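Thank you for making time this morning. I would like to walk you through one structure, beginning with the chain as a whole once we have agreed on a term, and then turning to a few of its parts.

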Amino acid sequence: MATQTLTRSNTSGFRHAKRLQDSVLAVQEKRLLVWMAERAPAWVGSDHLTCLGFAAQLMTGVSYAMSNSNRFWLIVGIGFLALNWLGDSMDGTLARVRQKQRPRYGFYVDHMLDSIGAVALMGGLALSASSSPSIATGLLVLFMLLSIQAYLATYTLSEFQMSFWSFGPTELRILLVAGNLALFRWPTVFGTHYRLFDVGGAMGIVGMTAMFLFSAARNTLRLYNQERIR
């Protein structure tokens with residue numbers, strides 16, 4: 001289903017966009033995904049992987065909410081994060097390897113599901129005792145703003161930004177895994193009353209705000225220069 005790549009389509013007037021992926025693990029991850037896609041069973045399709053990634057993201061949110069009653073749900077959540085990576089990262093690779101891309105359909109559906117999944121994940125975090133609702137809401141708002149910025153740049157600049165400052169979805173999942181493991185052992189920061197995810201989330205909000213402002217200002221300047229009124 002999700003190809004995450006805007007390439008030339010048979011549909012007249014459809015514009016293709018260049019993928020910009022410069023995250024820390026991008027090169028190694030791409031090699032691994034291609035290797036896995038080339039060996040995937042024939043009955044496994046991109047739609048199956050997209051559904052797997054979406055369901056796993058929903059269940060990650062459920063895991064955070066359930067961790068109130070049993071902290072072992074934090075470990076279960078790590079498993080769902082791994083499944084989310086598998087489905088969300090490999091669906092487009094599988095389509096490209098098999099030359100069965102559906103660029104408009106895949107791009108639209110993939111990112112709609114990403115948005116719904118983000119609401120579920122942050123909603124589960126807000127309902128948990130691991131983070132305050134305000135921090136979880138702030139992270140969700142910044143994620144949506146960065147997503148909107150990326151989608152508008154895809155349309156106006158024909159560039160799809162998949163990572164910001166060498167940080168992409170895979171790196172985010174790794175941070176969440178590390179956070180879950182740390183939270184399982186230490187619910188607060190160095191024995192203080194500050195919750196671990198609140199401190200980490202606050203730092204994330206600052207970083208994401210800077211990413212958004214920088215990207216929005218840079219793209220605004222590029223478009224202004226490209227369409228300068230003489």
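Before anything else, a word on usage: when I say that two residues are in contact, I mean that they have heavy atoms within 4.5 Å. Please also keep in mind that what you see is a predicted model.

With that term in hand, let me start in helix H7, where Met211 lies. If we set aside the neighbours within four places in sequence, Met211 is in contact with Leu146, Phe164, Trp165 and Phe167. Is Met211 buried or exposed? Its relative accessible area is 14%, and because the cut-off for buried is under 20%, Met211 counts as buried. As for its distance from another part of the chain, Met211 and Pro41 are 170 residues apart along the chain, and their C-alpha atoms are separated by 39 Å.

Helix H7, which spans residues 196-226, also holds Met203. Here the relative accessibility is 61%, so Met203 counts as exposed. Between Met203 and Ile78 there are 21 Å from C-alpha to C-alpha, with a separation of 125 residues in sequence.

Ile78 brings me to a pair of helices, since it is one of the residues of H3 that touch H6. Two packed helices are described by the angle between their axes and by the distance between those axes. For helix H3, residues 73-97, and helix H6, residues 169-185, the angle is about 170° and the axes are 9 Å apart, which means that H3 runs roughly antiparallel to H6. On the H3 side the contact includes Leu74, Leu81, Trp85 and Asp88, while on the H6 side Arg173, Leu176, Val177 and Phe184 are among the residues involved. Sorted by class, this contact has 10 nonpolar, 5 polar and 2 charged residues.

Let me now step back to the whole chain. Its secondary structure comes to 7 helices and 2 strands, and along the sequence these follow the pattern β-α-α-α-α-α-β-α-α. The radius of gyration is 19 Å, close to the 17 Å that the globule rule gives for 230 residues, so the chain is as compact as a globular protein of that length. Buried residues make up 43% of those 230, and the chain exposes about 12900 Å², of which carbon and sulfur atoms supply 69%. Finally, among contacts between residues at least 6 apart in sequence, 80% join residues at least 24 apart.

Methods
Residues are numbered from 1 along each chain as its sequence is written. This is a predicted model: local features need pLDDT of at least 70, side-chain atom pairs count only at pLDDT 80 or more; totals for chains, interfaces and linings use all residues. Side-chain values use heavy atoms; hydrogens and water are left out. Axes are lines fitted to C-alpha atoms, for helices over the stretch in contact, and angles run from 0 to 180 degrees between N-to-C directions. Helices (H or I, at least four residues) and strands (E, at least two) are DSSP runs, numbered from the N terminus. Angles under 35 degrees count as roughly parallel, over 145 as roughly antiparallel, 65 to 115 as roughly perpendicular and the rest as oblique. Ala, Val, Leu, Ile, Met, Phe, Trp, Tyr, Cys and Pro count as nonpolar, Asp, Glu, Lys and Arg as charged, and the others, Gly among them, as polar. The radius of gyration is taken over C-alpha atoms; the globule rule is 2.2 Å times the number of residues to the power 0.38. Buried means under 20% relative accessible area, exposed over 50%, partly exposed in between (1.4 Å probe, protein chains only). Accessible areas come from the Shrake-Rupley method with a 1.4 Å probe; for residues, only the protein chains shown count as cover.
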